[in-house]
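Trainee: Could you take me through this model slowly, with a close look at its salt bridges first? After that, I'd love to see how you read a few other spots.

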Amino acid sequence: MTAALTAPSASADLGYTNSPVDLTMADGTILKGILTKPTTPGPHPGIVMPASWGLPNFEYLAQAHELARDGYVVVSYNERGFWGSEGCVNGGTAEDISDVSDVVDWMIDNAQADPGMIGAAGMSNGGGLSLLGAAHDPRIKAVVAMSSWQDEAASLFPNGTKAKQSVGVLMALAQAVGDPCPELVEGANSPTLTPALQAAYAAASPQTYVDRYNANGTAILLSKNLQDSVFPPNQDVTFYNSLTTPKKLLMQPGDHLTGEFPGLTGLPNVPWDKARDWFDRYLRGIDNGADQEAPVQVKENASISYAGYSTTAAMSRTTKTYGMSKDFFGGRLGEIKQGWSWQIQSGAADTCAGAGTVLISGTLTQFLNWPPGCAVGLTNPQHSAFWQSGIFTETTHIRGAPTVRLNFGQNGGKGSLFLYLYDVGPTGTLGQLITYMPYSYNFAPNSWRNVTIPLRTAAYDIPPGHRVGLVIDTKDPMFYDTNVSGSSVTFTSPLSSPSTVTLPIE
């Protein structure tokens, strides 16, 4: 592997230098990179930093400078097809994974990186590639992955429902500042999760390689924003729970990248501060306490600090299950009752219930505590079903993934349901979104199913005087749906398989 370097930038007096580099991969493809290194003699611990999807390699300069001042050599680079790098954009393919190892080779050969002290870090696509690189290269001892995916199928087709807005944004970025590969375009245009697409997603998913991380002892820190509209948080919880290595999970309010973005500007930022501590502990062996604090750190929307837990299960000390029922006045969450049903039309019209807008709604939640709202008590009962609990007399701290057990039948053969959990105000009408989940089905018409659907992991406090509400409808602008025109869905709750809502409560 070869590289062309230009003269270092005039930052030597700050303890580091920056140099643009052309990185030649094993197959001859040239990627554009930036070398940031200390002015002190090596060898140095080394960090590979693949750029985020659609962002240029200099996005990490503020953090690269911090790392270099601490004695690390850092190479950030644009992946294939982005920002002047040769090749085409494909995301997580064998070539992209091999590139991570090639950059490690270059750091060792050309930048005095210590081969026994190699780490990888990144945001979004960069975080995913850092994890994938570590799965295929045991020289990478520690990884920090922020706003990344662990399961591509769960991200882009959650419960078989294609994520319209997030796929659209990813492809728009690839086309605006990159050169998408034909297979990337083909996959993005596929309306369904085909077997071929499923196989490609599995090969590009860190969850597939859990056994390798565990065998290698890779130290992994994950940072995930709870309202991430591109790579939802449940997959991080599953991945984290599968690891037996040194591990840490940070979860905080925000949308894709927004929880970590302040750190890119040099502002104080908990995820990036903990990332540097992580590398100091697991690459340099500094006893800084990074392995002593509670490994699961969660920040609720309105909180100014993180709460620590020993495990993800410890986030909730109990659960509360509500039976779903319906009477003359509407849907109720309370005792389990039978003898009721609620039929809605499939795909006939949308309601005010919704997941919001990709990248925007989660950002508003993070900075203004302004989640998507809906007059849930006024939704059209022909197009949505709505259930609400009694009034809470004390603050209810939801921590984890609420679950909905749903007994339903349909006459169209296939379709999509969208489930929304709301914090409903004292009037019983206006609600703020707590969490949601799509669910697509495909089974024989005029038959019934009982399914358990985990909603997205949440950290939300419902104040006293409020209620919890569940809305189910059949359309959401965030997603495509598979509804059959003229069909309907009917919800019910037999005693043998009742419909319920379960809240994880701290």
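**Salt bridges, and a walk onward**

Mentor: Gladly! A search of the whole structure, which is a predicted model, turns up 16 salt bridges. Let's begin with the pair K32 and D22, whose closest N and O atoms are 2.9 Å apart. K32 sits in strand β3 and D22 in strand β2 (residues 16-24), so this salt bridge ties together parts that are 10 residues apart in sequence. How buried or exposed are the two partners? K32 has a relative accessibility of 32%, so it counts as partly exposed. D22, at 26%, counts as partly exposed as well.

Now find E293 and K274, whose side chains meet in a salt bridge with an N to O distance of 2.9 Å. E293 belongs to the loop between α11 (270-282) and β10 (296-298), while K274 is in helix α11, so the pair ties together parts that are 19 residues apart in sequence. Here the surroundings of the partners are worth a look. E293 is partly exposed, with a relative accessible area of 27%. K274 has a relative accessibility of 17% and counts as buried, because the cut-off for buried is under 20%.

A further pair is R332 with D327, where the closest N and O atoms lie 3.4 Å apart. R332, at 30% relative accessibility, is partly exposed, and D327 is partly exposed too, with a relative accessible area of 35%. Salt bridges can also share partners: D27, R80 and D99 are joined into one network in this way.

Next, let's turn to the backbone. Most residues other than glycine have a negative phi, and most peptide bonds are trans. With that in mind, look at the peptide bond from G42 to P43: it is cis, with omega near 5°. P43 is in the loop between β3 (30-38) and β4 (44-50), so you can reach this spot by following the chain onward from the strand that holds K32.

Which way does phi point at L257, positive or negative? Phi of L257 is positive, near 75°, in a residue other than glycine. L257 lies in the loop between β9 (247-252) and α10 (261-264), and with a relative accessible area of 16% it is buried. L359 is another leucine to check: its phi is positive at about 70°, although it is not a glycine. L359 is placed in the loop between β14 (341-345) and α12, and at 33% relative accessibility it counts as partly exposed.

That loop leads us to helix α12. Its buried residues are S361, G362, T365 and Q366. Seen down the axis of α12, these buried residues fall within an arc of 140°, so they line one face of the helix. The face turned away from that buried side carries the exposed residues F367 and L368. After α12 comes N369, with a positive phi near 50°. W370 then sits in the loop between α12 (361-368) and β15 (373-375), and W370 is exposed, with a relative accessible area of 52%. Put F367, L368 and W370 together and you have a nonpolar patch on the surface, with about 390 Å² of accessible area together.

To finish, let's look for empty space. Rolling a probe the size of a water molecule over the atoms shows where empty space is left. The largest pocket has a volume of about 580 Å³. Its lining has 28 residues, and N90, E152, L184, L197 and Y201 are those nearest its centre. Which helices supply at least two residues each to this lining? They include α4 (152-156), α5 (164-177), α6 (182-189) and α7 (195-203).

Zoom in on α6 for a moment. L184, G187 and A188 are buried there. They cover an arc of only 100° around the axis, which puts them on the same side of α6. On the other side of α6 you will find the exposed residues P182, E186 and N189. Try tracing α6 and α12 in turn: each has its buried residues on one side, with exposed residues on the face turned away in α12 and on the other side in α6.

Conventions
Residues are numbered from 1 along each chain as its sequence is written. This is a predicted model: local features need pLDDT of at least 70, side-chain atom pairs count only at pLDDT 80 or more; totals for chains, interfaces and linings use all residues. Side-chain values use heavy atoms; hydrogens and water are left out. Patches are made of residues with over 30% relative accessible area and no salt bridge: like charges are joined within 9 Å, nonpolar side chains (Val, Leu, Ile, Met, Phe, Trp, Tyr) within 5 Å. Accessible areas come from the Shrake-Rupley method with a 1.4 Å probe; for residues, only the protein chains shown count as cover. A salt bridge is a side-chain nitrogen of Lys or Arg within 4 Å of a carboxyl oxygen of Asp or Glu. Helices (H or I, at least four residues) and strands (E, at least two) are DSSP runs, numbered from the N terminus. Buried means under 20% relative accessible area, exposed over 50%, partly exposed in between (1.4 Å probe, protein chains only). The arc is that of the directions from the helix axis to the C-beta atoms. On a 1 Å grid over the protein atoms alone, a cavity is a set of points where a 1.4 Å probe fits but cannot get out, and a pocket is an open set with protein on both sides within 12 Å along at least five of seven lines; lining residues have an atom within 4 Å of a point. Grid points are joined across faces, edges and corners, and a volume is the space filled by probe spheres set on the points.
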